[in-house]
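Let's take a walk through this one together. Have the sequence and the 3D view open as you read.

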Amino acid sequence: MQYYSLNKQSPKVDFKIAATTGQAPDKGLYFPTEIPNFTKAQIERFKTLDKASLAFEVMKPYVGGTIDDASLKQICAETINFNFPLIEVTNTIFSLELFHGPTLAFKDVGARFMSRCLGYFSKQLKEERVKLNSSKGQAVVDNIKDTTVLVATSGDTGGAVANGFLGVAGVNVIILYPKGKVSHIQELQLTTCGQNITALEVDGSFDDCQAMVKEAFMDADLNKVYNLTSANSINVARWLPQQLYYFFAWQQWIKEFDENTPMHIVVPSGNFGNICAGMMAKASGLPIGRFIAATNTNDVVTRYLHSGKYEVRRAIATVSNAMDVGEPSNFVRIMEIMQNDFTALKNTLASYTVDDATTRAAIARVYKTENYLLDPHGAVAYVAAERFIIDHAVEITMHDHTIESLPVRAVILETAHPVKFPDVVEEAVGEEIEIPDSVKFLLDKEKVAIPIAANFGNFKSWMMNKVSA
Ligand SMILES: *Cc1c(COP(=O)(O)O)cnc(C)c1O
């Protein structure tokens, strides 16, 4: 399996190069040269495989031999060592809870997989170099630069990346986050790791952080002394393992329903990496009904599906802030899966836009009527699911000429724990949310962050000093 750049100007590479460089030299996103085709018999077997074995079988073709089987098995097992329960909220809407990982956000899976792959490749490189040196009769010198992951975060990504890379040998992580603009728990998740994780508290906005990171990647001096890479969702090692959620959903779905009940899936979407991974799973043979992209008022894709016009806009701030994306970077991958066929796309993907007032009201309503607490992103998905179900009601005429409607059922992906967005959720339900034990320990920890002005010059000299130190 190889990867080509969607800009088609760069050479094909293997998984190792795609994962360690992130983006192709022509700035295109990498895409696999072939999508695996799981046979009916394989899919049948997937029904009852344990999570780790299933993860291994799904990821193996994409890794394409760049990681040995035993190591890949271990990486997969470590990546998904928590639960992904499918919860019945109503008799037609089910919630796949993706927030049981260490930082309570679905981004944990991608971050954990990617970090372990980079750790593997870094170790391999060092071993090869040592072998080469000793075969030449030279002194064994360990002169390989560590990999440095630079990442700007508006909240969730930083925590997942910090946690995923913590303690991974040969990889250092530098996280830039905007001062005062992430929630308290999110900040603790970024700033209390220590070891190979460094947090920079930037006196500016998320856009400033992102601009500083982008400039660093292009800076000749920094690239001379650092082996820089990025950990955002365009990296195939972060994007592809997200397919696993859909396999885990289906394993649980198939226990409740027969093969004729389609599993439609509603995905709260920002950069469209998660939903795009789901579409890869379907393209490789997993029986999924329709995909429904749920967006907040940053709705370029919803408008595109209705009008055929793709118009990007500046991002607007909403209560589901992890989806505040004006120009979703993974949408080009969705078009590639659909072979740029707009009709095929419309038959596979529906999309609904949900505004903040409706999102807040849904959190309150679902808590009251179903006793289920949604986070703002899950609430956007929930409302989209309700609308999809109404729009797709199927009525059939029975033998006695009465009309019955067949239930349409959908799974929403709950992408974050409500406690990560306490202001919005507590205001909606009028109650305090209990902090889960898995993050309670953070409250006693001390934040360690390096304050820095929002300008690249300062950032660069800090990076250069760090090398000579
Ligand atoms: C990142 C994120 C999303 C959006 O996922 P994409 O893959 O960017 O579409 C949705 N919900 C939460 C909580 C997130 O952190």
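Which residue forms a salt bridge with K126? That would be D146, and the closest N and O atoms of the pair are 3.2 Å apart. Keep in mind as you look that this is a predicted model.

Now see where the two partners sit. K126 belongs to helix α5, while D146 lies in the loop between α5 (107-135) and β5 (147-152), so the salt bridge ties together parts that are 20 residues apart in sequence. How accessible are the two? D146 has a relative accessibility of 29%, so it counts as partly exposed. K126 has 21%, and that also makes it partly exposed, because buried means under 20%.

That pair has company: the count of salt bridges comes to 17. Take K60 and D69, for instance, whose side chains meet with N and O at 3.0 Å. Here K60 is partly exposed at 36% relative accessibility, and D69 is partly exposed too, at 37%.

Next, hop over to R303 and E311, another pair of side chains joined by a salt bridge, this time at 3.2 Å from N to O. Is R303 buried or exposed? It's buried, because its relative accessible area is 18% and the cut-off for buried is under 20%. Its partner E311, at 39% relative accessibility, counts as partly exposed. So this salt bridge joins a buried residue to a partly exposed one.

Salt bridges can also link up into a network here, and E44, K47 and E259 are connected in that way.

Let's leave the charged pairs and look at how two helices meet. Two packed helices are described by the angle between their axes and by the distance between those axes. Find helix α16 (residues 356-370) and helix α17 (residues 376-391): their axes are 9 Å apart and the packing angle is about 80°. That makes α16 roughly perpendicular to α17, because angles of 65 to 115 degrees count that way.

Which residues make the contact? On the α16 side you'll find T358, T359, A362, I363, R365, V366 and E370. Helix α17 brings P376, A379, V380, Y382, V383, E386 and R387. What kinds of residues are these? Across the contact of α16 with α17, eight are nonpolar, two are polar and four are charged. Try picking them out in the 3D view, starting with A362 and I363 on α16 and moving on to V380 and V383 on α17.

Note on methods. Residues are numbered from 1 along each chain as its sequence is written. This is a predicted model: local features need pLDDT of at least 70, side-chain atom pairs count only at pLDDT 80 or more; totals for chains, interfaces and linings use all residues. Side-chain values use heavy atoms; hydrogens and water are left out. A salt bridge is a side-chain nitrogen of Lys or Arg within 4 Å of a carboxyl oxygen of Asp or Glu. Buried means under 20% relative accessible area, exposed over 50%, partly exposed in between (1.4 Å probe, protein chains only). Helices (H or I, at least four residues) and strands (E, at least two) are DSSP runs, numbered from the N terminus. Axes are lines fitted to C-alpha atoms, for helices over the stretch in contact, and angles run from 0 to 180 degrees between N-to-C directions. Angles under 35 degrees count as roughly parallel, over 145 as roughly antiparallel, 65 to 115 as roughly perpendicular and the rest as oblique. Contact means heavy atoms within 4.5 Å. Ala, Val, Leu, Ile, Met, Phe, Trp, Tyr, Cys and Pro count as nonpolar, Asp, Glu, Lys and Arg as charged, and the others, Gly among them, as polar.
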